[in-house]
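Me: Please take a close look at how the helices pack against one another in this model, and then carry the description on to the sheets. I would like one connected account rather than a list.

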Amino acid sequence: MRSPRLIWLVFPSFLLVTIASVAVVSFYAARTMKGFFYTRTEAELIDRAKLAAVKLKDLLSAGDAAQLDALCKLLGRESHMRLTIVGPDGGVLGDSEESPTAMENHLGRPEITAAANNPVNVGASRRYSDTVKAELFYAAVAIREGERLLGFVRVALPTDTIDTETRGMLQRIGLFAALVGVAAAAVSLWLSHRLIHPLEELRRGAERFSRGDLAHRVRGGNTAEIAAVADSLNQMAAALDQRIGELVQQRNEGQAVLSSMVEGVIAVDSHQRVISMNHACARLLGTDAARAAGRQLQEVVRNPDLQQLVSGVLVGQKAIAQEIMLHHQGERQIEAHASVLRDAADREIGVLLVLHDVTRLRKLENMRRDFVANVSHELRTPITSIKGFVETLLDGAVEDPNDAKRFLHIVAAQTDRLEAIIEDLLLLSRVEEEHEHAEPTLETGQIQAVIQAAISVCQLKAEEKQVRLEAQCDPSLHALINPTLLEQALVNLIDNAVKHSGEQQTVRVEAELMPDELQIRVCDNGCGIPREHLSRIFERFYRVDKARSRSLGGTGLGLAIVKHIAQYHRGRATVESTLGKGSTFCLHLPRPEPASD
């Protein structure tokens, strides 16, 4: 139920008190005025009775009843009052309204009795007159001559005359009281509004504070108490504004830190409901951070290992770290650290998870291990061969010229193989270092000249296998290149194509300007590469057929060098191959800018 407004509680109270006060005062004034009017009328009647007694004393002393009655009627007409002369025995001697003989004895009338017994010889009463059939106000004066009572003079005035004047007075008092009441009601309403208005201002200010407008300030009221409340509200708003500003700043700083973190961070409560997560975590888990809040962890990500990790922390109340696998957008290896989440009062409220994607790190570690193993294997083979033949020579084979010469040729070949491996490793290391730590040194060069230089290097080996080398390139094609490195990449690709091509086959080198890049392709019609090996063909020491590759003299680093040289040119290397039909290796380089006029 809605509470009434304060003004409808205060104003009626003020109005009721005002009306009651005016009514009481008016009633008291009316009674007082009416009593005063009766008292004044009584005094006036007594005065008139005394005046009449002076005029009638001589006639009353003489006992002339006829003259008394005539004079009584004359004085009654002149004074507009009833005048009655009563003898000492109560008999009526004269009356201005009736015949004395028709009137009964008046000695028992209250006013007559009062005048006879009163030391000042006056008496008054108000009663109904059977003679004139009306209510009259009487005043009587006893006339004495010495100690002898001569009679009584009585005057009477109808009460309706008195009531008419009294009623008029009461009406004027009532009208005035009504005007005072209206004025008092208006004043009460004004006072109520004046009292309520500051409270309304406080209410509106509190509503604005509740809506977040803490910069608003409540104006002080016209009283010390309301001004103190307004000051308290303003101080409270200022303190809240400052505190909320600090909290917002802390929250924004915290969110900025979490959003900037590479690691994924997710907080869950004791019921495994997500409290919050940063964007990195949302990307790892393949969800939306805003939609994940408040949901169960198993609804956000369905990973039993992650859920067991959270449950273990909730049960054991200690930090746990382990690696888990996520299968969102391929397999990802995640290093997860889970610890107890505590609030400001150091109470345990849930679990804090920090997820770090170590997929690339683990891949690099595997590549490093494979690289070390491959280098060791590649170096061990020629070293073992050299050592074996040297030991054979030391054991006496050197005495046989034919064996010694043959063994020394083998040692020389294995030494050349060692040198080739080392040179390729040094070249690969230099290209990687320049690409990662220095700005590539590129210059505008003719692509056809680089292709021809690479073909010239491989021409002798191609002629030995009767493989024809062809080039197709627009002589006007220029690009930003490192000619030495690009030539080395093409030499590696052409050399591989020649090695894996049969006799009387053709290896083509093509350069073509595409809409968004420059492509340099080396195409052969050799044995091709199985599809399952295409994704790893550019890795260090990766061989499709290890025995055949070594027999052909490869170091296993040529395509890795090609890939890094392409990256050095801000490009990439790709391969397309069909088993038994040949392969096409392509260098994708940035499209050269058009020459300015």
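**Helix packing and the two sheets**

Reply: In this predicted model, helix α13 (residues 483-499) packs with helix α15 (residues 558-568) at an angle of about 145 degrees, their axes lying 9 Å apart. The crossing of α13 and α15 is left-handed. On the α13 side the contact is made by Leu 485, Leu 486, Gln 488, Ala 489, Asn 492, Leu 493 and Asn 496, and these meet Gly 558, Leu 559, Ile 561, Val 562, Ile 565 and Tyr 568 of α15.

Helix α13 also has a second partner to consider, helix α12 (residues 447-464), and the axes of these two helices come within 9 Å and cross at roughly 40 degrees. That angle makes α12 oblique to α13, and the crossing of this pair is right-handed. The residues that α12 brings to the contact include Ile 447, Val 450, Ile 451, Ala 453, Ala 454 and Ile 455, together with Val 457, Cys 458, Lys 461 and Ala 462. From α13 the contributors are Pro 483, Leu 486, Glu 487, Leu 490, Val 491, Ile 494, Asp 495, Val 498 and Lys 499. Leu 486 is thus listed in the contact with α12 and is listed again in the contact with α15.

Turning from the helices to the strands, one open sheet is built from five strands in the order β2-β1-β5-β4-β3, with antiparallel pairing. Its edges are β2 (92-95) and β3 (122-129), each of which pairs on one side only, and the twist averages 20 degrees from one strand to the next. Within this sheet, strand β1 (residues 82-86) pairs with strand β5 (residues 148-158) over five bridges in the antiparallel sense, and Ile 85 has Val 153 of β5 as its bridge partner. Two helices are in contact with these strands. Helix α2 (residues 65-79) lies across β1 and β2 and runs at about 35 degrees to β2, whereas helix α3 (residues 110-117) packs on the sheet by touching β1, β3, β4 (134-145) and β5, with a direction that makes about 170 degrees with that of β3.

Farther along the strand order, β3 is joined to β4 by eight bridges, and these two strands run antiparallel; here Ala 124 stands opposite Ala 139 in β4. Strand β4 in turn pairs with β5 over 10 bridges, again in the antiparallel sense, and Ile 143 is found opposite Gly 151 in β5. The two strands β4 and β5 form a hairpin with two residues between them, and Gly 146 in that turn has a positive phi of about 70 degrees. Among side-chain features, the charged end of Arg 127 sits over the ring of Tyr 138, 4.2 Å from the ring centre, while the structure holds zero aromatic pairs.

The other open sheet to describe has five strands in the order β7-β6-β10-β9-β8, and its pairing is antiparallel. Strands β7 (274-277) and β8 (320-326) are the edges, each pairing on one side only, and neighbouring strands are turned against each other by 25 degrees on average, direction ignored. Strand β6 (residues 264-269) is joined to strand β10 (residues 348-357) by six bridges, the two running antiparallel, and Ala 267 stands opposite Leu 352 in β10. Helix α9 (residues 304-316) packs on this sheet, where it touches β6, β8, β9 (332-342) and β10, and the direction of α9 makes about 140 degrees with that of β10.

The remaining pairings in this sheet involve β9. With β8, strand β9 pairs over seven bridges in the antiparallel sense, and Met 325 has Gln 333 of β9 as its bridge partner. With β10, strand β9 is joined by nine bridges, the strands again running antiparallel, and Val 340 stands opposite Val 351 in β10. A hairpin is formed by β9 and β10 with five residues between them, and Asp 346 in the turn has a positive phi of about 65 degrees.

Notes
Residues numbered from 1 in each chain as written. Predicted model: local features only at pLDDT ≥ 70, side-chain atom pairs only at ≥ 80, totals over all residues. Heavy atoms only, no water. Pairing = 2+ DSSP bridges. Helix = DSSP H or I, 4+ residues; strand = E, 2+ residues; numbered from the N terminus. Axes fitted to C-alpha atoms, helices over the stretch in contact; angles between N-to-C directions. Contact = heavy atoms within 4.5 Å. Phe/Tyr/Trp six-rings, centres within 6.5 Å; stacked < 30°, edge-to-face > 60°. Lys NZ or Arg CZ within 6 Å of the ring centre and 35° of its normal. Parallel < 35°, antiparallel > 145°, perpendicular 65-115°, else oblique. Left-handed = near helix turned anticlockwise from the far one by under 90°.
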